[in-house]
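Subject: Structure handover

Dear colleague,

Here is the structure I promised to pass on. Please open it alongside this note. My findings follow below.

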Amino acid sequence: QVQLVESGGGLVQAGGSLRLSCVASGRIAGPYGMGWFRQAPGKEREFVAGINWSGDYTRYEDSVKGRFTISRDKAKNTAYLQMNSLKPEDTAVYYCAAAPTALIARDYNYWGQGTQVTVSS
């Protein structure tokens with residue numbers, strides 16, 4: 001079993017920045033892709049960004065391209081989401097996810113508990 005723990009959420013004004021972290025622990029065997037999702041009140045959970053095992057391929061949801069950056073540190077079993085130029089519509093609970101693949105995953109097996117990001121206007 002793999003456990004994922006997010007941190008770094010909080011309250012920020014529009015235009016500000018936050019950096020989310022996700023630490024993976026437990027029975028991690030083999031390569032795994034990681035991703036970030038978010039869920040705003042009254043909306044379905046949506047994909048935000050994904051990264052492959054080696055960290056050289058990334059994918060982003062259109063609304064965050066150019067503002068958010070996903071990265072990972074394999075030595076620390078940690079993924080990051082740097083969020084710049086935040087907008088009120090970015091307000092959501094952000095979830096980290098992992099999947100047993102070296103690629104950018106389509107489906108994820110493991111999920112964190114989520115961290116709240118609130119952007120005030």
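**Overall fold**

The protein chain has 11 strands and zero helices. Bear in mind that this is a predicted model. In sequence order, the pattern reads β-β-β-β-β-β-β-β-β-β-β.

The C-alpha trace spans about 45 × 25 × 25 Å along its principal axes. The radius of gyration is 13 Å. A compact globule with 121 residues would come near 14 Å, so the value for the protein chain agrees.

Burial comes next. Of the 121 residues, 42% count as buried. The accessible surface of the chain is about 6,400 Å². Carbon and sulfur atoms hold 47% of that surface.

Contacts reach far along the sequence. Take the contacts with a separation of 6 or more: 56% of them join residues 24 or more positions apart.

**Aromatic residues**

How many aromatic pairs does the structure hold? The count is five. Ring pairs tie Phe37, Phe47, Tyr108 and Trp111 into a cluster.

Trp111 also has a charged partner. Arg45 sits over the face of Trp111, 3.7 Å from the ring centre. A second arginine is placed in this way over a tyrosine: Arg72 lies over the face of Tyr32, at 4.8 Å from the ring centre. Keep Arg72 in mind, as it returns in the next section.

**Asn52**

Asn52 is in the loop between E5 and E6. Is this loop residue buried or exposed? Asn52 counts as buried, because its relative accessibility is 7%, and the cut-off for buried is under 20%.

Its side chain makes polar contacts with two other side chains. One is that of Ser54, at 3.2 Å. The other is that of Asp56, at 2.8 Å. Beyond four places in sequence, Asn52 is in contact with Tyr57, Arg72, Ala102, Leu103 and Ile104. So Arg72, which lies over the face of Tyr32, also touches Asn52.

**Thr115**

Thr115 belongs to strand E11, residues 115–120. Its relative accessible area is 11%, so Thr115 is buried.

Which backbone atom does the side chain of Thr115 reach? It is the backbone nitrogen of Gly9, at 3.3 Å. Gly9 also appears among the residues that Thr115 touches more than four places away in sequence. The others in that list are Glu6, Ser7, Gly8, Leu20, Ala92, Val93 and Tyr94.

**Ala40**

Ala40 is placed in the loop between strand E4 (33–39) and strand E5 (46–51). Leaving out residues up to four places away in sequence, Ala40 touches Thr91 and Ala92. Ala92 is also among the residues touched by Thr115.

Ala40 and Glu89 are 49 residues apart in sequence. Their C-alpha atoms are 8.5 Å apart in space.

**Loop residues with positive phi**

Two non-glycine residues deserve a look for their backbone angles. Asn77 has a positive phi, near 50 degrees. Asn77 is located in the loop between E7 and strand E8 (78–83). With a relative accessible area of 28%, Asn77 is partly exposed.

Ser85 is not a glycine either, and its phi is positive at about 50 degrees. Ser85 sits in the loop between E8 and strand E9 (92–99). Ser85 counts as partly exposed, at 42% relative accessibility.

**Gly66**

Where does Gly66 lie? Gly66 is in the loop between strand E6 (58–60) and strand E7 (68–73). Gly66 is exposed, because its relative accessible area is 84% and the cut-off for exposed is over 50%.

Gly66 and Gly8 are 58 residues apart along the chain. Their C-alpha atoms are separated by 20 Å. Gly8, for its part, is one of the residues that Thr115 touches.

**Where to look**

Three views are worth setting up. Start with the ring cluster of Phe37, Phe47, Tyr108 and Trp111, with Arg45 over the face of Trp111. Then turn to Asn52 and its polar contacts with Ser54 and Asp56. End on Thr115, where the side chain reaches the backbone nitrogen of Gly9.

Best regards

Conventions:
Residues are numbered from 1 along each chain as its sequence is written. This is a predicted model: local features need pLDDT of at least 70, side-chain atom pairs count only at pLDDT 80 or more; totals for chains, interfaces and linings use all residues. Side-chain values use heavy atoms; hydrogens and water are left out. Rings of Phe, Tyr and Trp (its six-membered ring) pair if their centres lie within 6.5 Å; planes under 30 degrees apart count as stacked, over 60 as edge-to-face and the rest as tilted. A charge sits over a ring if NZ of Lys or CZ of Arg is within 6 Å of the ring centre and within 35 degrees of the ring normal. Helices (H or I, at least four residues) and strands (E, at least two) are DSSP runs, numbered from the N terminus. Buried means under 20% relative accessible area, exposed over 50%, partly exposed in between (1.4 Å probe, protein chains only). A polar contact is a pair of N or O atoms within 3.5 Å; within protein, one must be able to donate a hydrogen and the other to accept it, and residues adjacent in sequence count only if both atoms are side-chain atoms. Contact means heavy atoms within 4.5 Å. The radius of gyration is taken over C-alpha atoms; the globule rule is 2.2 Å times the number of residues to the power 0.38. Accessible areas come from the Shrake-Rupley method with a 1.4 Å probe; for residues, only the protein chains shown count as cover.
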